[in-house]
Amino acid sequence: MEKPRSKIWPKVLLAVSLSLNLLVIGIIAGTVLKFGPGGHHRHRGLDLDVQPMIQALSRSDRAALRRSFAREMTTAREARADLPSRAESILQALRTEPFDQAALQTVLDAQKQQLAERHKAGQQILFDQISAMSERERATYADRLEEEFGRRPRFRRYHSGG
């Protein structure tokens with residue numbers, strides 16, 4: 001008796017899901033590396049909403065942000081250790097007959113929640129950094145941020161300067 005051929009779409013869905021996770025991790029890691037020692041390199045194609053806010057920070061503030069973020073990434077590394085288990089859950093949900101949409105949705109919702117928590121933590125780190133600034137530092141930061149917005153086409157409508 002021939003073994004039934006498995007459907008290809010479950011494998012494609014898994015690959016897409018894992019690719020998106022890697023993309024998010026890559027963006028975060030790239031941002032951290034970009035502002036590392038000697039990391040004055042600019043990626044013009046990367047216009048994430050938060051990137052201009054990070055770039056406008058002083059060098060010392062970016063270093064402090066990077067250190068705080070590195071501490072936070074310890075939690076993310078621990079969460080990634082669970083990746084094989086989540087992958088197995090996705091595969092199991094996809095192979096179950098009849099298809100169990102709720103099981104797959106549960107796994108995808110857990111991934112979404114984890115990403116949302118990392119995003120919120122990153123926002124909080126940036127917010128704390130800005131909140132710790134003096135009035136003068138914040139004004140200088142606002143000027144640098146305005147310049148950053150002016151360099152990015154998708155932010156230009158917000159830029160009041162030349």
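Reader: Quick one to start: where does Pro 98 lie?
Author: Pro 98 sits in the loop between helix H4 (83-95) and H5. Keep in mind that this is a predicted model.

Reader: And what's the peptide bond from Glu 97 to Pro 98, cis or trans?
Author: That bond is cis, with omega near -5°. For background, most peptide bonds are trans.

Reader: OK, zooming out. How many helices and strands are there in the protein?
Author: Six helices and zero strands. Reading from the N terminus, the order is α-α-α-α-α-α.

Reader: What share of the residues is buried?
Author: Buried residues account for 30% of the 162 in the protein. As for the outside, the protein exposes about 11300 Å², and carbon and sulfur atoms supply 58% of that.

Reader: And which contacts count as far apart in the chain, how many of them?
Author: Taking the contacts with a separation of 6 or more, 63% are between residues 24 or more positions apart.

Reader: Now confidence. What is the mean pLDDT of the protein?
Author: The mean is 75, and 72% of the residues reach 70 or more. Among the elements, H1 has the lowest mean pLDDT at 70, while helix H6 (residues 135-151) has the highest at 89. Over residues 37-47 the pLDDT is below 50, though this stretch still has 20 contacts in the model beyond near neighbours in sequence.

Reader: Hmm, how should I read coordinates where pLDDT is low?
Author: Not in detail: where pLDDT is low, the predicted coordinates should not be read that way.

Reader: Back to H6, then. What does H6 reach from its first C-alpha to its last?
Author: H6 has 17 residues and reaches 25 Å, close to the 24 Å expected at 1.5 Å a residue.

Reader: Which residues of H6 are buried?
Author: Tyr 141, Leu 145, Glu 148, Phe 149 and Gly 150. The cover over these buried residues includes helix H2 (51-55) and H5.

Reader: Wait, Glu 148 is on that list. Why does Glu 148 count as buried?
Author: Because its relative accessible area is 3%, and buried means under 20%.

Reader: So which residue does Glu 148 form a salt bridge with?
Author: Arg 151, with the closest N and O atoms 2.6 Å apart. The two are three residues apart in helix H6, which means about one helical turn between them.

Reader: How many salt bridges does a search of the whole structure find?
Author: Two. Besides the one with Glu 148, the side chain of Arg 151 meets that of Glu 147 in a salt bridge at 3.9 Å, N to O. Arg 151 and Glu 147 are four residues apart, again in H6. Through shared partners, the salt bridges join Glu 147, Glu 148 and Arg 151 into one network.

Reader: Why would residues three or four places apart point the same way?
Author: An α-helix has 3.6 residues a turn, so residues at that spacing point the same way.

Reader: And Arg 151 and Glu 147, what do they count as?
Author: Arg 151 is partly exposed, at 33% relative accessibility. Glu 147 is partly exposed too, at 45%.

Reader: Switching to H5. How many residues does H5 have, and what should they span?
Author: Helix H5 (residues 101-131) has 31 residues, which should span 45 Å at 1.5 Å a residue. Its end C-alpha atoms are 44 Å apart, so that agrees.

Reader: Which of its residues are buried in H5?
Author: The buried ones include Leu 104, Val 107, Gln 111, Arg 118, Ile 125 and Leu 126. Leu 126 has a relative accessible area of 7%.

Reader: What is Leu 126 in contact with, leaving aside neighbours within four places in sequence?
Author: Val 50, Met 53, Leu 57 and Leu 65. Its C-alpha is also 7.8 Å from that of Ile 54, a residue 72 places away along the chain.

Reader: Last topic: which residues make the nonpolar surface patch?
Author: Ile 8, Trp 9, Val 12, Leu 13, Val 16, Leu 20 and Phe 99 make a patch of about 640 Å². Val 16, one of them, is found in helix H1 (residues 9-34).

Reader: Why does Val 16 count as partly exposed?
Author: Because its relative accessibility is 44%, and partly exposed runs from 20% to 50%. One caution about that region: H1 is the element with the lowest mean pLDDT, 70.

Terms used:
Residues numbered from 1 in each chain as written. Predicted model: local features only at pLDDT ≥ 70, side-chain atom pairs only at ≥ 80, totals over all residues. Heavy atoms only, no water. Buried < 20%, exposed > 50% of the residue type's maximum accessible area, 1.4 Å probe, protein only. Contact = heavy atoms within 4.5 Å. Areas by Shrake-Rupley, 256 points an atom, 1.4 Å probe, with all protein chains shown as cover. Expected span 1.5 Å × (residues − 1). Patch = residues over 30% accessible without salt bridge, like charges linked within 9 Å, V, L, I, M, F, W, Y side chains within 5 Å. Salt bridge = Lys/Arg side-chain N within 4 Å of Asp/Glu carboxyl O. pLDDT = per-residue confidence, 0-100.
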